[in-house]
Amino acid sequence: MAIGEAPVLEALTDINAVSVARTELDPASLLLVRLAALAAVDAPRASYLMHIGPALDAGVTIDQVSDVLVAVAPITGTPHVLSASVKITEALGIAVAITEAAISEDATGRQEQG
């Protein structure tokens, strides 16, 4: 039986850490490659959510993400690119909402202390 409080998530985290450690790509390039791969396999929304925040933190722009989708479209096909576009937009919206909630919570905590 798997061990840990969240064995699947922990295993995925470990796999990702090994992948990052074994590449010489800069973080932004690595995340753009991963977004291309997610589009190619028509990944679920959760996969995009795991990557869009780190991509933005690494300085990846929306224009770069669009360029990646345009670049992979002839290979992956229109359905996968359209699916990826919707999922990336949703993940971006969730990431923004989480960030705004954290900022609001931090501001509320400061107001209570001050």
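This passage describes the helices, the nonpolar core and the largest pocket of a predicted model.

Helix α2 spans residues 27–40 and contains 14 residues. From its first C-alpha to its last, α2 reaches 20 Å, close to the 20 Å expected at 1.5 Å a residue. At the start of this helix, a side-chain oxygen of D26 comes to within 3.2 Å of the backbone nitrogen of A28. Beyond the other end of α2 follows D42, with a positive phi near 50 degrees. The buried residues of α2 are A28, L30, L31, L32, R34, L35, A36, L38 and A39.

Helix α3 has 13 residues, and the distance from its first C-alpha to its last is 19 Å, close to the 18 Å expected at 1.5 Å a residue. Its buried residues are Y48, H51, I52 and A55. Just after α3, G59 adopts a positive phi of about 95 degrees.

In soluble globular proteins, nonpolar side chains tend to be buried together. In the present model, the largest nonpolar core comprises 21 residues. Those touching the most other members are A39, Y48, V60, V65, L69 and I88. At least two residues of this core are supplied by each of α2, α3 (45–57), α4 (62–76) and α5 (78–113). The greatest contribution is that of α2, which gives seven residues.

The contacts of individual residues add detail to this picture. When neighbours within four places in sequence are left aside, V65 is in contact with L32, L35, V60 and I88. L69 lies in helix α4. Because its relative accessibility is 9%, L69 counts as buried. Apart from residues up to four places away in sequence, L69 touches A39, V81, A84, S85 and I88. L69 and L25 stand 44 residues apart in sequence, and their C-alpha atoms are 19 Å apart in space.

T76 is also a residue of helix α4. With a relative accessibility of 16%, T76 falls under the 20% limit and therefore counts as buried. Not counting residues up to four places away in sequence, T76 touches A39, A40 and V81. A39 thus appears among the contacts of T76 and among those of L69, as does V81.

Helix α5 includes K87. This lysine has a relative accessible area of 9% and is therefore buried. Its contacts, leaving aside neighbours within four places in sequence, are D42, A43, P44, R45 and Y48. Two of these residues have been described above: D42 follows α2, and Y48 is a buried residue of α3.

Open space was examined as well. The largest pocket holds about 290 Å³ of space. Of the 15 residues lining this pocket, N16, V20, L31, R34 and P54 are the closest to its centre. Two or more lining residues come from each of α1 (7–21), α2 and α3. The largest share of the lining, five residues, is provided by α1. L31 and R34, named here as close to the pocket centre, are also among the buried residues of α2. Helix α2 accordingly takes part both in the pocket lining and in the largest nonpolar core.

Note on methods: Residues are numbered from 1 along each chain as its sequence is written. This is a predicted model: local features need pLDDT of at least 70, side-chain atom pairs count only at pLDDT 80 or more; totals for chains, interfaces and linings use all residues. Side-chain values use heavy atoms; hydrogens and water are left out. Helices (H or I, at least four residues) and strands (E, at least two) are DSSP runs, numbered from the N terminus. The expected span of a helix is 1.5 Å times one less than its number of residues. Buried means under 20% relative accessible area, exposed over 50%, partly exposed in between (1.4 Å probe, protein chains only). A polar contact is a pair of N or O atoms within 3.5 Å; within protein, one must be able to donate a hydrogen and the other to accept it, and residues adjacent in sequence count only if both atoms are side-chain atoms. A nonpolar core is a set of buried Ala, Val, Leu, Ile, Met, Phe, Trp, Tyr and Cys residues joined through side-chain atoms within 4.5 Å. Contact means heavy atoms within 4.5 Å. On a 1 Å grid over the protein atoms alone, a cavity is a set of points where a 1.4 Å probe fits but cannot get out, and a pocket is an open set with protein on both sides within 12 Å along at least five of seven lines; lining residues have an atom within 4 Å of a point. Grid points are joined across faces, edges and corners, and a volume is the space filled by probe spheres set on the points.
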